[in-house]
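Me: I would like to go through this model term by term, asking on what grounds each label is given.

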Amino acid sequence: MYNLNGQICVVSGASSGIGKEVALTLAKAGAFVALSARRTKKLLETAEQIKKEGGSCEVIPCDFREPFSVESLAGIIQKKYKRLDLWVNAAGVNNAMGITWDLDYKDWLGEVDGLLKTCFIGTKCAINIMKSQKSGGRIINFSGGGVVKPEVYNSAYACSKTAIVRFTECVNLELQAENLPIKIFAFAPGLVRTQRNIDLVNKPETQKFMPGIIDKILNDTATPIEKPANFVTFIATGQVDELSGCLLFSHMDKEKLIQNIPNIKENGLNKIIVK
């Protein structure tokens, strides 16, 4: 188990799925976790579980699509705890599935709104807290499918998740140029068997356009939910700070990753590269 005693962490999407598991794992490692999402009742359930296991947390409901809501959350953290060590942008949606030119404008743009926009707002607010800290801080932006290769019938999700990786790369360079000791990572958790994905399986669009994910989710051969949560906690320890700006995956061997840092940096790996 990693030791995050004293760290103040914010986790978006902490009401369910991977976000909830990340919050639970960070708390087990000793971090104080601010639980945030739109569903207050679900957040309270997460908080109850954390406290039963001896962890520390606070519920701060927030709509990450609305800048004023996220700025309010950031203001509470800054005023109450005086610092921020980790901000995890884990909130996500996947509703715009199908032939791109047949999709409703609202569905396609809404997916971008729920993925890329929330990532930008969260990152902006996190940096504006962390930039006054000598120790900096860490930001983890959840990426996903469609980055390594295109995903047919899933263009909104794939484009948004790919954009999050490039966004992370851009912000990392800006942080370096401004001499701010803040580290930012893009992170792909993998296909995980969450309730959201189980619900996704039951949609006619999934059965028609993306049947390949159904067997993995229903037969529980997808990535175990503990794996991405554990990897986020690993990043929070600072052991891979030299890879700020890179895309990391939950299936990576952590020891080999640390050993491979010089090669990754020298050859510009784990980034979006067009040759």
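The questions and replies below set values against definitions.

Reply: This is a predicted model, in which local features need pLDDT of at least 70 and side-chain atom pairs count only at pLDDT 80 or more, while totals for chains, interfaces and linings use all residues. Residues are numbered from 1 along each chain as its sequence is written, and side-chain values use heavy atoms, with hydrogens and water left out.

Me: What makes the radius of gyration of the protein agree with that of a compact globule?

Reply: The radius is taken over C-alpha atoms, and the globule rule is 2.2 Å times the number of residues to the power 0.38. For 275 residues a compact globule would have a value near 19 Å, and the protein has 18 Å, so the two agree. The C-alpha atoms fill a box of roughly 50 × 45 × 35 Å along the principal axes.

Me: How many helices and strands does the protein have, and how are they defined?

Reply: There are eleven helices and seven strands; these are DSSP runs numbered from the N terminus, with H or I over at least four residues for a helix and E over at least two for a strand.

Me: Why is Y153 called partly exposed?

Reply: Buried means under 20% relative accessible area and exposed means over 50%, with partly exposed in between (1.4 Å probe, protein chains only). Y153 has 34% relative accessibility, and therefore counts as partly exposed. Y153 lies in the loop between strand 5 and helix 5 (155–177).

Me: What is notable about the phi of Y153, and which other residue has a positive phi?

Reply: Most residues other than glycine have a negative phi. Phi of Y153, which is not a glycine, is positive, near 65 degrees, and N270 likewise has a positive phi, near 60 degrees. N270 is found in the segment after helix 11 (261–267).

Me: What makes strand 5 mostly covered?

Reply: In strand 5 (residues 137–142), six of its six residues are buried. G137, I139 and N141 point one way and R138, I140 and F142 the other way, and all are buried. For the protein with its 275 residues, 51% count as buried.

Me: How do you know that strand 4 and strand 5 pair?

Reply: Two strands pair if DSSP finds at least two bridges between them. Strand 4 (residues 86–89) and strand 5 have four bridges, in the parallel sense, and V88 stands opposite I140 in strand 5.
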